[in-house]
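Good morning, colleagues. I would ask you to look at the structure on the screen while I describe a few of its features.

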Amino acid sequence: MLSVSSLTTSVVEDILSKADEFASNADASFTSICRDKIVGMMFLEPSTRTHKSFECAAYKLGAKVMHYDHASSSSVKGESFQDTVTTMSQYVDALVIRQPVCGALGKLRCDVPIVNAGDGNGEHPTQALLDLYTIRKYFPAKKGLLHIAFVGDLKNGRTIHSTLQLLDAMYEGVFFHFICEGGLELDEVYTRGLRNHYYYEHRLSDVIELMDVVYMTRIQKERFARDDDGMNVSCDHVLTPELVRRAKKSMIILHPLPRNSELPPELDSSPHCKFVEQMKNGVYVRMALLEWVLL
Ligand code: NCD
């Protein structure tokens with residue numbers, strides 16, 4: 001499960017409807033369908049929501065979780081990542097891996113399924129599933145046209161890369177609007193095969209009235225080269241309360257988080273803001289995904 005392109009539409013539908021089942025039984029006791037399984041977590045980059053929601057999902061399925069700590073592993077003695085993964089795969093039934101090199105997971109040999117939890121500035125397919133799940137709650141796939149704005153660091157934002165591809169595969173009649181600083185545009189590899197229309201916009205304020213979904217992201221400063229003045233790039237595309245007041249009543253705001261200044265906390269109590277629901281949905285979607293991978 002390395003990229004959204006490895007998911008067929010029927011697998012996506014199965015995962016989303018399973019997630020729905022888990023969500024509607026959220027208050028019921030945990031299931032034990034995966035009680036004989038161990039999920040390995042290898043997070044070589046920081047994570048709060050992805051790591052913790054995967055862990056929570058595994059517990060709710062009755063699975064055990066084994067955490068790998070890079071700093072105390074034999075990698076500090078020079079062990080290769082391949083040898084580390086080979087070792088971990090002898091002890092667990094699936095590996096959830098976040099690491100900093102785009103495309104590196106596809107080159108690994110591994111005896112158990114790997115779930116990509118974010119590979120550098122590449123992809124983040126499980127975030128795409130939970131983003132799609134959240135958007136579908138408000139905008140079912142078969143209904144009318146949809147205007148979706150992706151704002152922020154389109155070049156480095158792996159959640160945008162995966163969510164864009166998945167929305168494009170699952171919706172017809174979507175208009176994607178891309179809003180970013182010069183130099184932070186999407187790599188052509190992510191727009192080349194799009195079936196739906198897309199446009200680069202100058203400012204969010206030019207199109208805010210039209211939007212159904214505004215997907216905000218932070219500038220990924222840690223991914224700029226050290227000698228790049230990108231370290232000083234600020235996000236001029238801030239979603240202010242004034243802008244939100246001009247939006248449709250039904251418009252929803254999503255953000256994979258963490259956020260910086262692009263989404264001010266003053267908006268948290270706005271009925272448009274759905275990022276808490278989005279992070280909660282991550283548990284149900286990851287339960288469905290882990291069950292699919294483990295059983
Ligand atoms: C993002 C990530 O790590 O790609 N967060 C997440 O997984 N929910 C976004 C980011 O780091 O900006």
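**Phenylalanine 43 and the ligand site**

Outside its neighbours within four places in sequence, phenylalanine 43 is in contact (heavy atoms within 4.5 Å) with Thr50, His51, Val96, Arg98 and Ala117. I should state that this is a predicted model, in which local features need pLDDT of at least 70, side-chain atom pairs count only at pLDDT 80 or more, and totals for chains, interfaces and linings use all residues. Residues are numbered from 1 along each chain as its sequence is written, and side-chain values use heavy atoms, with hydrogens and water left out.

Phenylalanine 43 belongs to strand 1, residues 38–43; strands are DSSP runs of E, at least two residues, numbered from the N terminus. Is phenylalanine 43 buried or exposed? Its relative accessible area is 12%, so phenylalanine 43 is buried (under 20% relative accessible area, with a 1.4 Å probe and protein chains only).

Let me turn to the ligand. Residues surrounding the ligand, each with a heavy atom within 4 Å of it, include Thr50, Arg98, His124 and Arg218. A side-chain N or O atom of arginine 98 is 3.0 Å from a ligand oxygen atom. For histidine 124, the corresponding distance from a side-chain N or O atom to an oxygen atom of the ligand is 2.8 Å. Arginine 218 places a polar side-chain atom 2.6 Å from an oxygen atom of the ligand. On its own the ligand has 310 Å² of accessible area, and the protein covers 92% of that (Shrake-Rupley method, 1.4 Å probe).

How values were computed: Helix = DSSP H or I, 4+ residues; strand = E, 2+ residues; numbered from the N terminus. Buried < 20%, exposed > 50% of the residue type's maximum accessible area, 1.4 Å probe, protein only. Polar contact = N/O pair within 3.5 Å; in protein donor to acceptor, adjacent residues only side chain to side chain.
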